[in-house]
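Subject: Structure handover

Hello,

Here is the structure you asked for. My notes on what turned up in it follow below.

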Amino acid sequence: MMSKDGLPSEEDLATLKALRSKILSASKKRSTNGFELDMPLTWFLLYVITCKNEQKFIRYDDLKEFCNQSSYLDTEDANRQFEGMLTLFHMLGFYAFFDHTETSCEWICTDITALYGEFANLL
């Protein structure tokens with residue numbers, strides 16, 4: 001309820017404060033039933049951007065260069081971060097990473113359904 005002067009009442013402020021406190025305390029607790037993963041926000045943004053991109057197969061070096069130019073990776077230890085990001089995305093099923101050693105060209109698939117579609121075309 002609003003008070004006569006147009007401001008929230010003391011009761012409403014107390015309710016909001018209690019709600020804020022519960023949300024903050026819940027976010028600090030580790031879930032015993034789920035999986036919690038600390039991941040840089042920029043990595044998630046990169047994943048979203050690559051999902052929306054029409055190009056579903058990206059060369060390893062091109063994606064690495066894009067990440068470095070767009071500041072998705074810290075300049076310090078960028079190579080290790082890039083490898084960690086690819087490994088994480090591959091393990092979560094976001095990306096498929098494979099290597100063509102005969103052509104020395106590494107590719108990253110940013111849409112698993114596109115990869116399955118290519119496999120289906122081969123069969």
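Outside its neighbours within four places in sequence, Gln81 is in contact with Trp43, Leu73, Asp74 and Glu76. Gln81 belongs to helix H4 and counts as buried, because its relative accessibility of 16% is under the 20% cut-off. Its partner Trp43 is 38 residues away in sequence, and the two C-alpha atoms are 9.8 Å apart.

Please keep in mind that this is a predicted model. The average pLDDT of the protein is 77, and 75% of the residues score at least 70. Among the elements, helix H3 (residues 60–69) has the highest mean pLDDT, at 90, and strand S2 (residues 96–100) the lowest, at 69.

Overall layout

The protein has five helices and three strands. Along the sequence they follow the pattern α-α-β-α-α-β-β-α. It has 123 residues, of which 24% count as buried. The exposed area comes to about 9,500 Å², with carbon and sulfur atoms supplying 57% of it. Of the contacts between residues at least 6 apart in sequence, 46% join residues at least 24 apart.

The core

In soluble globular proteins, nonpolar side chains tend to be buried together. Here the largest nonpolar core holds 17 residues, and the members touching the most others are Leu63, Cys67, Phe82 and Tyr95. Helix H2 (41–52), H3 and helix H4 (78–92) are the elements that each give two or more residues to this core. H4 supplies the largest share, six residues.

Which residues does Tyr95 contact, leaving aside its neighbours within four places in sequence? The list begins with Leu46, Tyr47 and Thr50, and continues with Leu63, Leu86, Phe89 and His90. Ile108, Cys109, Thr110 and Ile112 complete it.

Thr110 also appears in a distance I noted for Ile49: the two are 61 residues apart along the chain, and their C-alpha atoms are separated by 9.9 Å. Ile49 lies in helix H2 and is partly exposed, with a relative accessibility of 40%.

A nonpolar patch on the surface

Not every nonpolar side chain is covered: Leu41, Phe44, Leu45 and Val48 form a nonpolar patch on the surface. Together these four have about 350 Å² of accessible area. Leu45 is placed in helix H2. Is Leu45 buried, exposed or partly exposed? Its relative accessibility is 40%, so Leu45 counts as partly exposed, given that this class runs between the 20% and 50% cut-offs.

Salt bridges

Side chains of opposite charge can pair when their charged atoms come close. How many salt bridges does a search of the whole structure find? There are two.

- Arg59 pairs with Asp61, and the closest N and O atoms are 3.5 Å apart. Arg59 is partly exposed at 30% relative accessibility, and Asp61 is also partly exposed, at 44%.
- Asp77 pairs with Arg80, and here the closest N and O atoms are 2.3 Å apart. Asp77 is partly exposed at 37%, whereas Arg80 is exposed at 59%.

The loop between H3 and H4

Asp77 comes up again for its backbone. The residue sits in the loop between H3 and H4 and has a positive phi of about 65 degrees, although it is not a glycine. Ser71 lies in the loop between H3 and H4 as well. Its phi is also positive, at about 65 degrees, and Ser71 is not a glycine either. As for accessibility, Ser71 counts as exposed because its relative accessible area is 52%, over the 50% cut-off.

In brief

If you open the model, Gln81 and its contacts with Trp43, Leu73, Asp74 and Glu76 are one place to begin. The core members Leu63, Cys67, Phe82 and Tyr95 are another. For the surface, there is the patch of Leu41, Phe44, Leu45 and Val48, followed by the salt bridges Arg59 with Asp61 and Asp77 with Arg80.

Regards

Key:
Residues are numbered from 1 along each chain as its sequence is written. This is a predicted model: local features need pLDDT of at least 70, side-chain atom pairs count only at pLDDT 80 or more; totals for chains, interfaces and linings use all residues. Side-chain values use heavy atoms; hydrogens and water are left out. pLDDT is the predictor's confidence in each residue, from 0 to 100. Helices (H or I, at least four residues) and strands (E, at least two) are DSSP runs, numbered from the N terminus. Buried means under 20% relative accessible area, exposed over 50%, partly exposed in between (1.4 Å probe, protein chains only). Contact means heavy atoms within 4.5 Å. Accessible areas come from the Shrake-Rupley method with a 1.4 Å probe; for residues, only the protein chains shown count as cover. A nonpolar core is a set of buried Ala, Val, Leu, Ile, Met, Phe, Trp, Tyr and Cys residues joined through side-chain atoms within 4.5 Å. Patches are made of residues with over 30% relative accessible area and no salt bridge: like charges are joined within 9 Å, nonpolar side chains (Val, Leu, Ile, Met, Phe, Trp, Tyr) within 5 Å.
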